[in-house]
Amino acid sequence: NLFLSGHLELPPNTTRVFTDLGGSGVVDPAVIPLLAEGDGLYYHVQMESPGRLSQLTEMVPPSTFFQTMGAFVKAKATGLFMLNLSDLIPAVFLIDTVTRFLWDPTPAMSVTPEQAQAEA
């Protein structure tokens with residue numbers, strides 16, 4: 001919020017890393033027009049499941065990831081990608097989807113996020 005409101009100035013040659021909104025997989029829409037080549041994304045793929053077990057579960061549909069990261073790819077804001085996960089086993093599907101997209105986003109970028117999800 002400090003950066004978006006203009007109250008925080010970053011030094012030149014700083015890699016700006018934006019994050020999703022509380023693990024929703026979605027980035028603040030105000031960020032998208034500000035993206036520049038070399039920026040990056042800090043992304044969550046899990047949440048704590050309510051209940052007595054407190055197990056982490058996948059929470060972000062692949063279509064949401066494709067839509068969010070697609071905006072970064074279009075802006076060439078691919079300088080850094082940090083994936084936040086706390087437990088590998090429950091998130092294998094989305095982690096595989098994310099890493100395949102980061103290796104080659106072309107197939108997912110040529111269709112809608114929903115189509116990319118169906119093919120994931």
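Trainee: What makes E2 count as mostly covered?

Mentor: Four of the five residues in E2 are buried. Buried means under 20% relative accessible area, exposed means over 50%, and partly exposed is in between (1.4 Å probe, protein chains only). By the way, this is a predicted model: local features need pLDDT of at least 70, side-chain atom pairs count only at pLDDT 80 or more, and totals for chains, interfaces and linings use all residues. Residues are numbered from 1 along each chain as its sequence is written, and side-chain values use heavy atoms, with hydrogens and water left out.

Trainee: And how much of the chain is buried?

Mentor: Buried residues are 29% of the 120 residues. The chain's accessible surface is about 7400 Å², and 57% of that belongs to carbon and sulfur atoms. Those areas come from the Shrake-Rupley method with a 1.4 Å probe; for residues, only the protein chains shown count as cover.

Trainee: Where does the name E2 come from, and what other elements are there?

Mentor: Helices (H or I, at least four residues) and strands (E, at least two) are DSSP runs, numbered from the N terminus. This chain has four helices and five strands. Starting at the N terminus, they run β-β-β-β-α-β-α-α-α. E2 spans residues 40-44.

Trainee: How do you know that E1 and E2 pair?

Mentor: Count the bridges. Two strands pair if DSSP finds at least two bridges between them. E1 and E2 share three bridges in the parallel sense, so they pass that test. For instance, Phe18 sits opposite Leu41 in E2, and Thr19 has Tyr42 as its bridge partner.

Trainee: What about the other side of E2, where E5 lies?

Mentor: E2 and E5 run parallel and are joined by five bridges, so that pair passes the test too. One place to look is Tyr42, which stands opposite Met82 in E5.

Trainee: Which strands make up this sheet, and in what order?

Mentor: It's an open sheet of three strands, ordered E1-E2-E5, with parallel pairing.

Trainee: What makes E1 and E5 edge strands?

Mentor: E1 (17-19) and E5 (80-84) each pair on one side only. Neighbouring strands here are turned by 20 degrees against each other on average, direction ignored.

Trainee: Which helix packs on the sheet, and how is it directed?

Mentor: Helix H1 (residues 62-74) does, touching E1, E2 and E5. Touching here is a matter of contact, meaning heavy atoms within 4.5 Å. H1's direction makes about 165 degrees with that of E2. The axes are lines fitted to C-alpha atoms, for helices over the stretch in contact, and angles run from 0 to 180 degrees between N-to-C directions. Contacts also say something about the whole chain: among those between residues at least 6 apart in sequence, 63% join residues at least 24 apart.

Trainee: Why is the pair Asp39 and Arg16 called a salt bridge?

Mentor: The rule asks for a side-chain nitrogen of Lys or Arg within 4 Å of a carboxyl oxygen of Asp or Glu. Asp39 and Arg16 meet at 2.6 Å, N to O, so they qualify. Asp39 is in the loop between E1 and E2 and Arg16 in the segment before E1, so the pair ties together parts 23 residues apart in sequence. Both Asp39 and Arg16 are buried.

Trainee: How many salt bridges does that rule give?

Mentor: Two. Arg100 and Asp96 meet at 2.9 Å, N to O. They are four residues apart in helix H2 (residues 92-103), so about one helical turn separates them. Arg100 has 42% relative accessibility and Asp96 has 36%, so each falls in the partly exposed range.

Trainee: What makes Asn13 stand out in its backbone?

Mentor: Its phi is positive, about 65 degrees, although Asn13 is not a glycine. Most residues other than glycine have a negative phi. Asn13 lies in the segment before E1 and is exposed, at 83% relative accessible area. Lys76 also has a positive phi, about 60 degrees, without being a glycine. Lys76 sits in the loop between H1 and E5 and counts as exposed at 52%.
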